[in-house]
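Trainee: I should like to learn how to read the features of a protein structure. May we begin with a single residue and work outwards?

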Amino acid sequence: MPPWRRSEPRGLRRDEELLIEVPCRIVDSTGTSLPDAGTAVVVGVSDERILVWGVARVPTQAGKLLGVVGRSRLLSAEIERAGARTHVRFGFEEGARLVVDAPRERHPEQLAWVLSADPGRVGQ
């Protein structure tokens with residue numbers, strides 16, 4: 001299949017596997033280069049990085065990679081459930097933060113679970 005028709009997210013390194021990806025909306029992106037609140041994105045977690053893509057316009061294509069953060073910079077990942085919605089708050093070094101919101105059925109809490117599986121780096 002030609003590279004422009006791949007459904008896998010762009011921005012992954014060779015042999016890098018995406019552990020989880022969740023479609024959501026940005027609530028807060030203070031101190032990051034990511035888009036402003038209200039932007040629809042897909043957040044993915046690999047062994048080493050958190051990746052954020054723009055939502056693909058065509059389902060068979062990957063969205064544009066908007067930014068990457070090394071998991072080593074992550075200080076916290078917290079889950080806040082509010083009815084049918086779930087917020088996940090990521091705290092990074094230098095006071096940067098990313099908060100995303102998704103419907104509960106999309107399982108955004110898996111983002112924090114995956115990140116918390118790395119002992120010593122992230123508290124929940």
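Mentor: Certainly. Please bear in mind that the model is predicted. Let us begin with histidine 87, which, apart from its neighbours within four places in sequence, is in contact with Val27, Glu78, Ile79, Glu80, Val99, Val100 and Asp101. Histidine 87 itself lies in strand β6.

Trainee: Is histidine 87 to be counted as buried or exposed?

Mentor: The general idea is to compare the relative accessible area with a cut-off: a residue is buried under 20% and exposed over 50%. Histidine 87 has a relative accessibility of 18%, so it counts as buried.

Trainee: Which strand is joined to β6 by eight bridges?

Mentor: That strand is β5, and β5 and β6 run antiparallel. One pair to find on the display is alanine 82 with its bridge partner in β6, arginine 85.

Trainee: How should I read the sheet as a whole? In what order do its strands stand?

Mentor: One follows the pairing from strand to strand. Here the order is β4-β3-β2-β1-β7-β6-β5, in an open sheet of seven strands with antiparallel pairing. The strands β4 (65-70) and β5 (74-82) are at the edges; each has a single partner strand, so one side of each lacks a neighbour in the sheet. From one strand to the next, the twist averages 30 degrees.

Trainee: What should I keep in mind about side chains when I look at a strand?

Mentor: In a regular strand, the side chains alternate between the two faces of the sheet. With that idea in hand, let us turn to another strand.

Trainee: Why may strand β2 be described as largely enclosed by the rest of the structure?

Mentor: Strand β2 comprises residues 40-46, and six of its seven residues are buried, so the rest of the structure largely encloses it.

Trainee: Which strands are joined to β2, and by how many bridges?

Mentor: Strand β1 (residues 18-28) is joined to β2 by seven bridges, and the two run antiparallel. Strand β3 (residues 49-54) is joined to β2 by five bridges, again in an antiparallel arrangement. Valine 45 lets you trace both pairings: it is the bridge partner of isoleucine 20, and it stands opposite isoleucine 50 in β3. The connection from β2 to β3 is a hairpin of two residues.

Trainee: Where does helix α1 lie in relation to the strands?

Mentor: Helix α1 (residues 109-116) lies across β1, β2, β3, β5, β6 and β7 (97-103), and runs at about 150 degrees to β5.

Trainee: Which residues of α1 are buried, and what covers them?

Mentor: The buried residues in α1 are Glu109, Leu111, Ala112 and Leu115. Around the axis they cover an arc of only 155 degrees, which means that they are on the same side of α1. Their cover includes β1, β2, β3, β5, β6 and β7.

Trainee: How does one read a nonpolar core, and which residues touch the most other members of the largest one?

Mentor: One looks for buried nonpolar residues whose side chains are joined through contacts. The largest such core has 23 residues, of which Val43, Phe90, Phe92, Leu98, Val100, Leu111 and Leu115 touch the most other members. Two or more residues come from each of β1, β2, β3, β5, β6, β7 and α1. Strand β1 gives the largest share, four residues.

Trainee: With which residues is phenylalanine 92 in contact?

Mentor: Setting aside neighbours within four places in sequence, phenylalanine 92 is in contact with Ile50, Val69, Arg73, Leu74, Leu75, Arg97 and Leu98.

Trainee: What can be said of glycine 63 in the loop between β3 and β4?

Mentor: Glycine 63 is buried, with a relative accessible area of 10%. Its contacts, leaving aside neighbours within four places in sequence, are Arg10, Trp53, Gly54, Val55 and Ala56. Glycine 63 and valine 42 are 21 residues apart in sequence, and their C-alpha atoms are 8.2 Å apart in space.

Trainee: Finally, which residues other than glycine have a positive phi?

Mentor: Two examples may be examined. Aspartate 15 has a positive phi of about 70 degrees although it is not a glycine; its place is in the segment before β1, and it is exposed, with a relative accessible area of 77%. Glutamate 94 has a positive phi near 65 degrees. Glutamate 94 is found in the loop between β6 and β7, and it is exposed, with a relative accessible area of 78%.

Methods:
Residues numbered from 1 in each chain as written. Predicted model: local features only at pLDDT ≥ 70, side-chain atom pairs only at ≥ 80, totals over all residues. Heavy atoms only, no water. Buried < 20%, exposed > 50% of the residue type's maximum accessible area, 1.4 Å probe, protein only. Pairing = 2+ DSSP bridges. Axes fitted to C-alpha atoms, helices over the stretch in contact; angles between N-to-C directions. Contact = heavy atoms within 4.5 Å. Arc of directions from axis to C-beta. Core = buried A, V, L, I, M, F, W, Y, C linked by side-chain atoms within 4.5 Å.
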